[in-house]
Amino acid sequence: MMRIKTPTKKRIKRELDKRAPKLIETGKKTLILHGTKTSNVLNAVLAEIYHLKRDNAIKYTKKNDNVRPFESGGETSLEFFSLKTDCSLFVLGTHSKKRPNNLVLGRTYDHHLYDLVEVGVENFKSTESFSYDKKLAPHIGSKPLFAFIGEGFESVEELKHLKEVLLDLFRGEVVKNLNLAGIDRVYLCTAMSPTKVFFTQCAIRLKKSGTTVPRIELVEVGPSMDFVVRRHRLPDEGVKKQAMKTAPESTKKKEKNVKGDVIEGKVGKIYIPDQKVGSVPLPNRAKGVKRERREAKMNNEAHEPAEKKQKEDSD
Amino acid sequence: MAEYEIDLGNLMAFDPHRSFSSPPSSREELVKESLEQGTKLVQAVADTLFVLPSTEDPDGPIVTLPPPTTRLPREKPLPKPKAPTRWELFAKKKGIQKHKKDKVAFDEQTGTWKRRHGYDRVNDDKDVPIIEAKMNDEPGEDPFAKRREEKKKRVDKQEKNRLHNLKQAAKSGALPSHIQLAATALPITGSQAAPKKVGKDELQNVAGMAASATASGGKFDKKLPGEKPTKHEKKYRKFLPAAEGSGMSSLEKQQTEKVLNKLISKNSHEILNVEKAVTMYNVTEEKKRRSQKGKSFSSSSKLKPNKKSFKKMPKKGSSNKGKSK
């Protein structure tokens, strides 16, 4: 016999529905964790990345010994965490003698490992070490711009992969409408050599120019570091094909409250909310009201000491 | 001026023409150069961004971005369309259209408008006060109890239908995310794991192992009726017979040959353990066949994330024995 298990509370059902696969996907969540050993630098890097992605990132504080994404059995822990927290991006920091200050940036598809890029962090400078006008500081959660410089990003496979992963990591949600006043950060990546990428975050200052397009000025603001690409693993071909499938063209949205096309043409229904005729505040206070107030005041003074009356309407 | 690749949907600009032939002299120079180039790129993006048609808003001008051009992989597979239920198939066949019903309906019994579902509803089975006896009714039967039983039967039938619909949906992979079917223990998110079925022989083996895990090796335990005797014999060592008959090759020779082969293969390179490779291949084939058997009929079974390929890849080819110390 089979039993149908549904959650007893509606709140749980809503949470489960949020995690269900959707036709058009909203932002991916990131899981930030570290392995057996970390260094000071790496701790700072992970903390900075967490701050950059505050709203949709989860940071684990404990060390995880059995997470080795590049080995065949070592990804089960990661997949389990990804399933539990519903995160499809992860940043794993480890430190060892052979690979100092190691960051593994990875993605999952359907809560299984999709691809990985391993980079080493050098020359890290945190946000606090940069001095700048605090008013320019980028807001948390603002949509960033990306600037990739260097032909290495097109020719070298590892850098191509790194570009894609960085874009995915820092992109945030894909939005249709953007507020132009809210553009305040840009991630700058320069391919210095086929293995090294200089990464930094800058705040954007828009200055007046003659035309509608403002003049851009960049001020280095956020963390800056060098990524030395170490290893990477490209996704499996079959999985890649499945993951790149786009949603089919959506059917036209049903127009509500509109019908009747043949005889009358298009007929629509308009719903007007209740008109509260009695309680609408009038612009000019009627004279009678004022007199009543005066009379009441006089009467009250006769009975008891005048109590403080609330102002009816601001004039 | 070099051409930049601009992806407006992602607010990204890429300059593919810049190359650092020699590493810049100092770090500060590198930073300065990057900032300069970056400024140019961002300016290019802003140029295209600010000429888009914008609507005014108290916070600032709002523009509609085009969809991004760089394709990034999804995080979860595409949702499958809902499987049609039994009733939906029937309605489609017969051409029955769905009509929208109102929340209130007129109740003839009380002559008032009552709600259609829920507390105090229209035409409720329980509200009937008098049931007239018919000619074909038996004398001792309680018609109210009969009605209650019929309703219970209807409810059970509906539950059975619902279970059937959900099973159909699960078969085609379109089970709603908040529902789990208990017996098959499918995980709610993520891909299906093939349920493990334990066979009779396996169970017997395990039971035997458990039984022999006592202080006296399971020798003095009372056997239940029907339990087969333990498989493992008492002897653990095999001695060669003192006098040998002339057989194919003498047992002593076989023994020494076996040991020598093992020693040699350990220290030689590039010997493929054909047996092992064949068994490994057979195991993977078996697993693939098994997973394809009880699964959905969609063709994506081949394209499903294949965990095995990651695990087997470093091991396939030369066996462990081929490597020298």
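This is a dialogue about a predicted model, asking what lies behind the labels given to its parts.

Visitor: Why is Val45(B) called buried?
Guide: Its relative accessibility is 1%. Buried means under 20%, so Val45(B) counts as buried. The residue sits in helix α1 of chain B, residues 27-50.

Visitor: What is the C-alpha distance from Val45(B) to Tyr4(B)?
Guide: It is 9.3 Å in space, with their positions 41 residues apart in sequence.

Visitor: Why is Val51(B) called exposed?
Guide: Exposed means over 50%. Val51(B) has 57% relative accessibility, so the label is exposed. Val51(B) belongs to the loop between α1 and β3 of chain B. Its C-alpha atom is 9.2 Å from that of Val63(B), and the two are 12 residues apart along the chain.

Visitor: What makes β8(A), β4(B) and β3(B) an open sheet, and which strands are at its edges?
Guide: The order is β8(A)-β4(B)-β3(B), with antiparallel pairing. The edge strands are β8 (177-179) of chain A and β3 (54-55) of chain B, each of which pairs on one side only.

Visitor: How do you know that β3(B) and β4(B) pair?
Guide: Two strands pair if there are at least two bridges between them. β3(B) and β4(B), residues 62-64, have two bridges in the antiparallel sense. One contact to look at is Ser54(B), whose bridge partner in β4(B) is Val63(B).

Visitor: Why is strand β6 of chain A called largely enclosed?
Guide: Count its buried residues. In β6(A), residues 112-125, 11 of the 14 residues are buried, so the rest of the structure largely encloses the strand.

Visitor: Which strands does β6(A) pair with?
Guide: Its partners include β5(A), residues 102-109, joined to β6(A) by eight antiparallel bridges. Thr108(A) has Leu113(A) as its bridge partner there. Seven bridges join β6(A) to β11(A), residues 215-233, and this pairing is also antiparallel. In that pairing, Val117(A) is bridged to His232(A).

Visitor: What is found in the hairpin of β5(A) and β6(A)?
Guide: Two residues lie between the strands, and Asp110(A) takes a positive phi near 55 degrees.

Visitor: What makes Arg74(B) and Glu25(A) a salt bridge?
Guide: The cut-off is within 4 Å, from a side-chain nitrogen to a carboxyl oxygen. Here the closest N and O atoms are 3.5 Å apart, and the pair forms a salt bridge. Arg74(B) is in the loop between β4 and α2 (86-94) of chain B, while Glu25(A) is in the loop between α1 (10-19) and β2 (30-34) of chain A, so the pair joins two chains. Arg74(B) has a relative accessible area of 9%, so it is buried.

Visitor: How do you know that Glu217(A) and Lys207(A) form a salt bridge?
Guide: Their closest N and O atoms are 2.7 Å apart. The pair links distant parts of the chain: Glu217(A) is in β11 and Lys207(A) in β10 (residues 196-207), 10 residues apart.

Visitor: Why are Glu217(A) and Lys207(A) called partly exposed?
Guide: The class runs between the 20% and 50% limits. Glu217(A) has a relative accessible area of 23%, so it is partly exposed. Lys207(A) is at 29%, so it is partly exposed as well.

Visitor: What is the distance in the salt bridge of Lys288(B) with Glu285(B)?
Guide: The closest N and O atoms are 4.0 Å apart. Both residues lie in helix α6 (residues 274-293) of chain B, three residues apart, about one turn of the helix. Lys288(B) is partly exposed at 43%, and Glu285(B) is partly exposed at 26%.

Visitor: How many salt bridges does the structure hold?
Guide: There are 20 over all chains. One network of salt bridges links Lys28(A), Arg107(A), Asp115(A), Glu164(A) and Asp168(A).

Visitor: Which residues form the positive surface patch?
Guide: Lys253(A), Lys254(A), Lys256(A), Lys100(B) and Lys103(B) form it. Patch residues need over 30% relative accessible area. Lys253(A) has 76%, so it is exposed. Lys253(A) lies in the loop between α6 (237-243) and β12 (258-259) of chain A.

Definitions and conventions:
Residues are numbered from 1 along each chain as its sequence is written. Chains are lettered from A and ligands numbered from 1 in the order in which they are written. This is a predicted model: local features need pLDDT of at least 70, side-chain atom pairs count only at pLDDT 80 or more; totals for chains, interfaces and linings use all residues. Side-chain values use heavy atoms; hydrogens and water are left out. Helices (H or I, at least four residues) and strands (E, at least two) are DSSP runs, numbered from the N terminus. Patches are made of residues with over 30% relative accessible area and no salt bridge: like charges are joined within 9 Å, nonpolar side chains (Val, Leu, Ile, Met, Phe, Trp, Tyr) within 5 Å. Accessible areas come from the Shrake-Rupley method with a 1.4 Å probe; for residues, only the protein chains shown count as cover. Lys and Arg count as positive and Asp and Glu as negative; His and the chain ends are not counted. The place of a charge is taken as NZ of Lys, CZ of Arg, CG of Asp or CD of Glu. Buried means under 20% relative accessible area, exposed over 50%, partly exposed in between (1.4 Å probe, protein chains only).
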